[in-house]
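Student: I would like a close look at a single helix of this protein and at how its faces relate to the surroundings. Please set it in the context of the whole model.

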Amino acid sequence: MDANRPDLMSLANELLEVILSYDCLQHDDILSVTLTSSRLYAVGKSSKLWKQKALNRWSHWHNVLNDNENWYEIYKKRHCLERILLKEIDTIAEECHEEQVITSDYYGGIDQILAQPDSVIAISSAMECLEEFLDDDNKKQDKLTMRYYARLVTKYLCHRRLEFDFRQYLALPNEEQSPELDHAEAERVLLAINQVLFTQLNYHGNRDNYYDEKNVVIDKVLENRFGTPLTICVIYLAVATRLGVYLEFVSFISHFMLRWISNSSANEEERYKYIDVLDGGKLKTRQECLEMVSFPPFRTLEVVSSKELLCTAISSLANELQRSMPYHDNSLHLQLIRALNLRLVLDSHNSSIRFMYLYLLAQVKAYDTKVIQDTLEKGNSNIFEMTPRFERYLTTLLKKKYEKTTKNEIIKLRSDYPQVVFRIGDILYHKRYNFQCVVYGWDPVCSKGEMWIYQNGINHLSEGQNQPFYNVLGADGSERYVAQENLESIHLTELIHHPDLGRYFHCFNLMTCTYEPNKQLRKRYLEDCLNMKEC
């Protein structure tokens, strides 16, 4: 070696850290360097170095960390968690490509990842990893299947976190579920809230369309500024709590109200003022409230517990979704299933909620074996009544789950059906409704029943039902079953943005202007994908 030429070991440790921190060096490069000498080993384990590498690699950090943490261990845990999560998501994608709803059975691997002493930190760390993966702009049209299932796992993690928060909140004593109120300024605060919410922002009850499902979804109520008394009370209470005023939910004959201790030294009749959100937040005495009805109903102006309130809120959402389902698409069906799942968290012994949840799952050929088996066990233990009919139904669901898992997948070959013109992944144009779409399935003839054929006027088409039909995802967000004569090829003018795109496709091919099917779809349509190379 040239004595006049400095080597790496002649540099100070600080300079070595700077060199190793360059983005072009991956973590395995640094670990390889640390194996060459004891000095480089010490430099390569520097917490400062690994903090910089971690912050450069990941931008999402829900948990606040400081310089005193061992950033080498933090980086290692995050890297291992990310690798395990993506591997588990790949497994879910393989097992669930036929499922419209992924039940808790398929999330067993995710639950094992979260099975740590502090599950809250584990959930937050997992969500950070997935957010990082989903926010990568370089992969927006790549790894579509992984991104699709990563979003589903993120929703599951949110559900688990919400379940944990529910249980933690309900375990608190009632007096700790809200802060102490400030008697001196409380009334002025409430009058100010009334001025802002009801006068300036015009929040009000939606009397014209009370049963609209948007009335019971908080984000929609905040956007539209109208809702049910329950949701407006929730917003009112949230604002008051942040301003230090303690309020409680109370039941009334027609709607929920809030109550506030206006005079703690008075008797029960005069101690409280009641806030009527349907009357601009007006503060009313108990007597004024009772004068609003002809007779005092059961539980008038009694406090509603947090658990009762949460159950009512979720049940209201479920009822509105169920009422709206005949007039909307399948997405409401899935929202209703999620709402009932949350309801089970709060009231796991409610057999009617369990039955409705399992029934709705069965409508989309999904079967939650954990809930089914737990329901059978609780019924046999007399925790709730189990009728013979209900028990037979649960047994039938388990049988259908077994039949579904053992069913052979149907393979469709183009060579058997020369009349099929378009291929999986082709971007087409709907000549009648003027939207672009991508093909994710086809049948040589219409496979729908007579009622669907009649309702959609298929017999009025020139070739009727005896022509190829295609399953397509529309650029307008729809999912349709379209006759071949209504479709035509088109040069790509826009990418298809559809929430279920990743369920069927791996990436977009810039060379062919088509979507590349994922490995699950390739198995079903072998000849459609013969000349395709997976991205």
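Tutor: A residue is called buried when its relative accessible area is under 20%, and exposed when that area is over 50%. By that criterion, 46% of the 535 residues in the protein are buried. The model is a predicted one, with a mean pLDDT of 83 and with 89% of residues reaching 70 or more. Confidence is highest in strand β9 (residues 469-474), at 95, and lowest in helix α14 (residues 306-324), where the mean is 68. Where pLDDT is low, the predicted coordinates should not be read in detail.

The secondary structure comprises 21 helices and 13 strands. Of the contacts with a separation of 6 or more, 58% join residues 24 or more positions apart. The protein exposes about 29,500 Å², of which carbon and sulfur atoms supply 51%.

The helix chosen for the close look is α18, which runs through residues 388-406. Its 19 residues reach 27 Å from the first C-alpha to the last, close to the 27 Å expected at 1.5 Å a residue. Within α18, the residues F390, L394, L397 and K401 are buried. They lie on the same side of α18 because they cover an arc of only 50° around the axis. The spacing follows a general rule: an α-helix has 3.6 residues a turn, so residues three or four places apart point the same way. On the other side of α18, P388, R389, R392, K399 and Y402 are exposed. The buried residues of α18 pack against two helices, α16 (351-363) and α17 (369-380).

Helix α4 (residues 47-57) offers a parallel case, with L49, W50, K53 and A54 buried. These residues cover an arc of only 130° around the axis, which puts them on the same side of α4. Their packing partners are α1 (13-20), α2 (27-34), α3 (38-44) and α5 (71-95). At the start of α4, a side-chain oxygen of S46 comes to within 3.3 Å of the backbone nitrogen of K48.

One of the partners of α4, helix α1, contains I19. I19 is partly exposed, with a relative accessible area of 31%. The C-alpha atoms of I19 and L49 are separated by 9.8 Å, although the two residues are 30 apart along the chain. Beyond its neighbours within four places in sequence, I19 is in contact with L8, L11 and L25.

Terms used: Residues are numbered from 1 along each chain as its sequence is written. This is a predicted model: local features need pLDDT of at least 70, side-chain atom pairs count only at pLDDT 80 or more; totals for chains, interfaces and linings use all residues. Side-chain values use heavy atoms; hydrogens and water are left out. Helices (H or I, at least four residues) and strands (E, at least two) are DSSP runs, numbered from the N terminus. The expected span of a helix is 1.5 Å times one less than its number of residues. Buried means under 20% relative accessible area, exposed over 50%, partly exposed in between (1.4 Å probe, protein chains only). The arc is that of the directions from the helix axis to the C-beta atoms. Contact means heavy atoms within 4.5 Å. Accessible areas come from the Shrake-Rupley method with a 1.4 Å probe; for residues, only the protein chains shown count as cover. pLDDT is the predictor's confidence in each residue, from 0 to 100. A polar contact is a pair of N or O atoms within 3.5 Å; within protein, one must be able to donate a hydrogen and the other to accept it, and residues adjacent in sequence count only if both atoms are side-chain atoms.
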